[in-house]
Amino acid sequence: MSNKVLAAEQKQLARFAKALGHPIRIAILEMLANQSCCYHGDMSEILPIAKSTLSQHLNELKDAGLIQGTITLPTVKYCINKENWEKAKSLFSAFFVEINNEESCNSK
């Protein structure tokens with residue numbers, strides 16, 4: 001790999017990692033993974049954050065492609081984006097296998 005060019009997979013993995021980088025987002029994903037869908041209002045009653053903050057976290061997850069939403073005013077329904085979720089699992093699995101080499105910088 002060239003030092004100046006990042007692979008598309010590296011960029012996608014970093015985007016997913018950024019979206020997963022907050023405990024509330026992890027809680028949202030866990031909640032959605034256990035249901036077929038969830039309404040924005042339901043989440044704000046369960047999670048210990050303001051609705052506006054919840055919306056920001058949902059937008060981050062949606063922008064990363066990990067969740068998708070359907071707007072039917074006055075409600076917004078969210079669910080896991082299964083295609084991108086599978087892609088994220090595959091990228092993370094490959095990444096962790098790739099860096100799991102036998103030699104450690106501490107072993108001599």
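Contact here means heavy atoms within 4.5 Å. With that cut-off in hand, the predicted model can be toured from its overall fold to its core and then to its main pocket.

A good place to start is isoleucine 67, which sits in strand 2 (residues 67–72). Leaving out residues up to four places away in sequence, isoleucine 67 touches Leu29, Leu32, Leu58, Leu61, Lys62, Tyr78, Cys79, Ile80 and Asn81. One of these partners, leucine 29, lies 38 residues away along the chain, yet the two C-alpha atoms are separated by 8.1 Å. Isoleucine 67 counts as buried because its relative accessibility is 2%, and buried means under 20%.

Stepping back, the protein contains five helices and three strands. Read from the N terminus, these elements follow the order α-α-β-α-α-β-β-α. The chain has 108 residues, of which 27% count as buried. When contacts between residues at least 6 apart in sequence are considered, 55% of them join residues at least 24 apart. The exposed surface of the protein comes to about 7,700 Å², and carbon and sulfur atoms supply 53% of that area.

The interior comes next. The largest nonpolar core holds 22 residues, and those touching the most other members are Ile28, Leu32, Met43, Leu58, Leu61, Leu66 and Ile67. At least two residues of this core come from each of helix 1, helix 2 (23–33), helix 4 (51–64), strand 3 (75–80) and helix 5. Helix 2 is the leading contributor, giving five residues.

Helix 2 is also where isoleucine 28 is found. Its relative accessible area is 0%, so isoleucine 28 is buried. Apart from neighbours within four places in sequence, isoleucine 28 is in contact with Met43, Leu47, Leu54, His57, Leu58 and Leu61. Isoleucine 28 and leucine 58 are 30 residues apart in sequence, with a C-alpha to C-alpha distance of 8.0 Å. Methionine 43, a partner of isoleucine 28, has a contact list of its own: with residues up to four places away in sequence not counted, methionine 43 touches Ile28, Met31, Leu32, Cys38, Leu54, Leu58 and Tyr78.

Serine 44 follows in helix 3 (residues 40–46). A relative accessible area of 15% places serine 44 among the buried residues, because the limit for that class is under 20%. Once residues up to four places away in sequence are set aside, serine 44 touches Ile49, Lys51 and Leu54. Leu54 also appears among the contacts of methionine 43 and of isoleucine 28.

Attention finally turns to the largest pocket, which offers about 150 Å³ of space. Two elements give two or more residues each to its lining, namely helix 1 (8–19) and helix 5 (82–98). The lining is made up of Glu9, Gln10, Leu13, Leu91, Ala94, Phe95 and Glu98. Helix 5 provides the largest share, with four residues. In chemical terms, the lining divides into four nonpolar residues, one polar residue and two charged residues. Helix 1 and helix 5, which line this pocket, also each supply at least two residues of the largest nonpolar core.

Terms used:
Residues are numbered from 1 along each chain as its sequence is written. This is a predicted model: local features need pLDDT of at least 70, side-chain atom pairs count only at pLDDT 80 or more; totals for chains, interfaces and linings use all residues. Side-chain values use heavy atoms; hydrogens and water are left out. On a 1 Å grid over the protein atoms alone, a cavity is a set of points where a 1.4 Å probe fits but cannot get out, and a pocket is an open set with protein on both sides within 12 Å along at least five of seven lines; lining residues have an atom within 4 Å of a point. Grid points are joined across faces, edges and corners, and a volume is the space filled by probe spheres set on the points. Ala, Val, Leu, Ile, Met, Phe, Trp, Tyr, Cys and Pro count as nonpolar, Asp, Glu, Lys and Arg as charged, and the others, Gly among them, as polar. Buried means under 20% relative accessible area, exposed over 50%, partly exposed in between (1.4 Å probe, protein chains only). Accessible areas come from the Shrake-Rupley method with a 1.4 Å probe; for residues, only the protein chains shown count as cover. A nonpolar core is a set of buried Ala, Val, Leu, Ile, Met, Phe, Trp, Tyr and Cys residues joined through side-chain atoms within 4.5 Å.
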